[in-house]
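Please look over the model shown here, with its surface, its helices and its confidence values in mind. The paragraphs that follow take these topics in turn.

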Amino acid sequence: MNNDIITHLIIGGIIGFIIGIILISTISPKARRYKKVKRELDEAQEALNTQKQIIVKHFSHSAEILDNMAKDFRRLYQHMAENSSQLVNSEEIALPAKKAEAKNNTNTTSTPTGKQPKDYSTNASGLLKTEEKKS
């Protein structure tokens, strides 16, 4: 009978210890704060994951739009290159370039070279001169 009492005491002590740990973990302020912080951390991680998914979706959509734009511009360039020879002959294309070149040559020759522009004064401004003291 002595052994039975010791066995019951040990089993009761272990069960009491387990129940005590459970009660302390649910009742203690540290445990409540831990649960609150853990919940906030989980919510923040969930919000972060959602934000990452939104960003990935945005950039993939933007890349798709840019790819479509590049294809459209390539098609436009090909269209212009193919049809420009049909609409305008090479002599007409060369004429505006020659006219622009001639116009640039006349503008550069009409400006005086080696002369000072008229908005400058021939006299010194006197800003760098030291003032003489009057006695």
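About 13600 Å² of the chain is exposed in this predicted model, and carbon and sulfur atoms supply 61% of that area. Buried residues, by contrast, make up 1% of the 135 residues in the chain.

Turning to the secondary structure, the chain has three helices and zero strands, so that, read from the N terminus on, its elements follow the order α-α-α.

How are helix α1 and helix α2 placed with respect to each other? Helix α1 covers residues 2–27 and helix α2 covers residues 29–87, and the two pack at an angle of about 60°, their axes lying 5 Å apart. Because an angle of this kind falls outside the ranges counted as roughly parallel, roughly perpendicular or roughly antiparallel, α1 and α2 are oblique to each other. On the α1 side the contact is formed by Ser 25, Thr 26 and Ile 27, which meet Pro 29, Ala 31, Arg 32 and Lys 35 of α2. Sorted by character, the residues of this contact comprise three nonpolar, two polar and two charged.

Confidence should be weighed alongside this picture. The mean pLDDT of the chain is 81, with 74% of its residues reaching 70 or more. Within the chain, confidence is highest in α2, at a mean of 92, and lowest in helix α3, which spans residues 90–110, at a mean of 64. Where pLDDT is low, the predicted coordinates should not be read in detail.

Key: Residues numbered from 1 in each chain as written. Predicted model: local features only at pLDDT ≥ 70, side-chain atom pairs only at ≥ 80, totals over all residues. Heavy atoms only, no water. Axes fitted to C-alpha atoms, helices over the stretch in contact; angles between N-to-C directions. Helix = DSSP H or I, 4+ residues; strand = E, 2+ residues; numbered from the N terminus. Parallel < 35°, antiparallel > 145°, perpendicular 65-115°, else oblique. Contact = heavy atoms within 4.5 Å. Nonpolar A, V, L, I, M, F, W, Y, C, P; charged D, E, K, R; others polar. Buried < 20%, exposed > 50% of the residue type's maximum accessible area, 1.4 Å probe, protein only. Areas by Shrake-Rupley, 256 points an atom, 1.4 Å probe, with all protein chains shown as cover. pLDDT = per-residue confidence, 0-100.
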